[in-house]
Amino acid sequence: MLFRFRHPALIVLALSLLFSCASFACAQNDDGFGDAAVDPVKLFDKGQDAHQKGNLELALEFYEEAIKVRPEFPEAEYQRAAALIALGRLPEAEKSLRRAVELRAEWALPQAALGTLLVRLKRLDEAQVALERALKLDARNPVVLLALTDLYLRKKAPNASMQQLLGQLQQATASDEATGALWSARGSIEHALGEKRAALSSFDRALGLNPADFAARMERAELRAEAGDFERAMEDASAALRAAPKSVDAALMLARIQAQAGKKEEAKRTLEALDEASKQLPEVVALRNAILASDTETNDPESCAALQKLLENDQRNAALLARLGSCYRVSDPARSMEYYHRASDLEPRSLDYATGYTAALVQARRFNEAIVIARRILSIAPDNYAAHANLATALYESKRYAEALGEYNWLLAAKPDLVVAYFFIGTVHDYLGQYPEALSAYETFLARANPKDNQLEMEKINLRLPSLRRQIARGEGVKRKKKE
């Protein structure tokens with residue numbers, strides 16, 4: 001399963017948009033101090049000029065002088081915060097933004113800037129209050145929408161909140177002037193809500209407006225991979241990596257998709273191209289180990305021991321745990337169950353891991369538990385062949401023959417060449433006293449079975465057939481109509 005890439009650039013973009021207003025006129029306030037001996041507006045304008053020229057320290061001096069002359073000056077507080085943020089003095093910037101909010105509560109920009117700054121400081125609950133208040137003041141403010149998108153994705157906000165934000169993003173993107181960043185934010189929320197087709201369309205629009213949108217490129221790669229469109233997914237991931245050659249996220253994305261597409265050697269080369277420090281990151285180590293584990297196809301003791309060694313330094317690698325579950329399924333069912341269970345805990349949505357755990361339960365003869373989990377899997381994926389096979393075995397071994405019969409019939413319909421299914425269907429009918437049906441299944445099995453592969457089953461049937469035919473001749477096992 002691919003990791004979900006989010007927009008780490010949204011906050012930087014939001015802050016740059018918030019403080020892009022470079023003249024006092026944009027503050028929408030006529031101060032009226034033009035003729036004063038010490039004019040705070042002129043001081044503010046000088047600060048703006050210095051700010052535009054990149055002289056942040058000088059700009060800060062002018063803003064602070066303007067505030068000394070006029071303490072209730074929200075625009076100066078706001079621009080002072082902009083300079084402080086650019087200088088990395090975030091606690092002071094927060095104080096200025098809170099002062100601006102205090103002085104003009106109905107002004108959306110300082111509310112939005114404060115919320116965006118708090119997201120950057122990872123104070124997400126406080127940020128949400130500020131941003132949602134800003135959105136009430138200005139429902140279509142693109143800066144607030146971008147910041148809220150980042151916040152909701154980080155917090156994994158409830159679906160109701162996500163849906164509400166999506167509605168606002170849909171309104172914002174209805175305009176022909178909607179930016180690629182807004183389309184990208186809309187795609188991320190749609191992706192989080194599981195609306196994958198809509199998300200793909202939104203990312204197409206985002207990249208049409210801005211082909212250099214790294215985040216949109218990454219998420220579209222993920223969506224394409226989820227849909228099995230590995231070639232185009234690799235194109236997107238490769239483009240993202242070309243745009244940001246040092247991005248570990250892009251390299252991981254590309255390597256994961258390459259591994260999914262069966263191009264394991266290419267995936268290894270992608271990871272090998274990372275610098276030495278990046279190669280030691282836990283997520284890189286985990287992916288490399290998962291690829292190595294998938295390369296180990298045999299379950300011999302030496303291979304299992306090698307996988308066990310990999311696990312020592314990568315305890316939360318679900319793919320590696322599942323591979324070890326497969327490795328020990330026959331030789332040590334209890335150990336196999338433990339590994340599959342851990343893999344399923346790490347990735348509860350993975351049906352493959354849940355199915356492996358079910359198989360281990362069957363091997364350990366814990367049939368009732370296997371039945372529960374197999375049926376849970378089939379409620380999600382009705383055509384999961386392995387789950388049907390596990391369920392059939394568990395029901396059969398639990399002597400729930402009538403239920404097992406339905407599963408064996410399903411398996412045979414899915415794979416008509418599964419000759420051994422006729423053996424189990426025959427024995428189920430036999431146990432249920434349905435002798436003519438049992439004889440028919442047995443004879444079909446004997447006609448199609450390979451003596452090399454099915455010798456034991458053939459011997460059992462041949463021992464049973466004489467007495468079975470006598471029972472049928474006596475009329476046993478024939479369903480009789482109930483007397484009226």
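# Talking through a helical model

Mentor: Let's start with a pair: a polar contact of 3.3 Å joins the side chains of Gln 308 and Arg 335. Keep in mind that the model is predicted.

Trainee: Okay, and which helix does Gln 308 lie in?
Mentor: Gln 308 is at position 308, and one helix of the chain covers residues 301-312. That places Gln 308 in helix H18.

Trainee: Which residue joins the side chain of Gln 308 in a polar contact of 2.6 Å?
Mentor: Start from the contacts of Gln 308 beyond four places in sequence: Leu 324, Tyr 328, Arg 335 and Tyr 339. Arg 335 has the polar contact at 3.3 Å. The side-chain polar contact at 2.6 Å goes to Tyr 339.

Trainee: H18 also has a cysteine in it. Which residue does Cys 304 pair with in a disulfide?
Mentor: The structure holds one disulfide. Its S to S distance is 1.6 Å, and the link has -95° about the S-S bond, making it left-handed. The partner of Cys 304 is Cys 327.

Trainee: How many residues apart are Cys 304 and Cys 327?
Mentor: The pair links distant parts of the chain, with Cys 304 in H18 and Cys 327 in helix H19 (residues 318-327). Along the sequence they are apart by 23 residues.

Trainee: Is Cys 327 buried or exposed?
Mentor: Buried means under 20% relative accessible area. Cys 304 has 3%, so that one is buried. Cys 327 has 4%, so Cys 327 also counts as buried.

Trainee: Let's move to H6. What should the 13 residues of helix H6 span at 1.5 Å a residue?
Mentor: The expected span is 1.5 Å times one less than the number of residues. The end C-alpha atoms of H6 (residues 108-120) are 18 Å apart, which agrees with the expected 18 Å.

Trainee: How many of the 13 residues of H6 are buried?
Mentor: H6 is mostly covered. Its buried residues include Ala 108, Pro 110, Leu 114, Gly 115 and Val 119. Just past the helix comes Lys 122, with a positive phi near 65°. As for the count of buried residues in H6, it's eleven.

Trainee: And H2: which residue caps the N-terminal end of H2?
Mentor: H2 covers residues 40-52 and reaches 18 Å from its first C-alpha to its last, close to the 18 Å expected. At the N-terminal end, a side-chain oxygen lies 2.9 Å from the backbone nitrogen of Val 41, and the capping residue is Asp 39.

Trainee: Which helices do the buried residues of H2 pack against?
Mentor: Among the buried residues of H2 are Val 41, Leu 43, Phe 44 and Ala 50. Gly 54, with a positive phi of about 85°, comes just after the helix. The packing partners of that buried set are H3 (56-69) and H4 (74-86).

Trainee: Zooming out, how many helices are there in the protein chain?
Mentor: Of the 484 residues, 49% count as buried. The chain has zero strands, and the number of helices is 27.

Trainee: Last one: what pLDDT does the protein chain average?
Mentor: Two stretches stay under 50: residues 1-6, where the model has 31 contacts beyond four places in sequence, and residues 480-484, where it has one such contact. Over the chain, 89% of the residues score at least 70, and the average pLDDT is 86.

How values were computed:
Residues are numbered from 1 along each chain as its sequence is written. This is a predicted model: local features need pLDDT of at least 70, side-chain atom pairs count only at pLDDT 80 or more; totals for chains, interfaces and linings use all residues. Side-chain values use heavy atoms; hydrogens and water are left out. A disulfide is a pair of cysteine sulfur atoms within 2.5 Å. Helices (H or I, at least four residues) and strands (E, at least two) are DSSP runs, numbered from the N terminus. Buried means under 20% relative accessible area, exposed over 50%, partly exposed in between (1.4 Å probe, protein chains only). pLDDT is the predictor's confidence in each residue, from 0 to 100. Contact means heavy atoms within 4.5 Å. A polar contact is a pair of N or O atoms within 3.5 Å; within protein, one must be able to donate a hydrogen and the other to accept it, and residues adjacent in sequence count only if both atoms are side-chain atoms.
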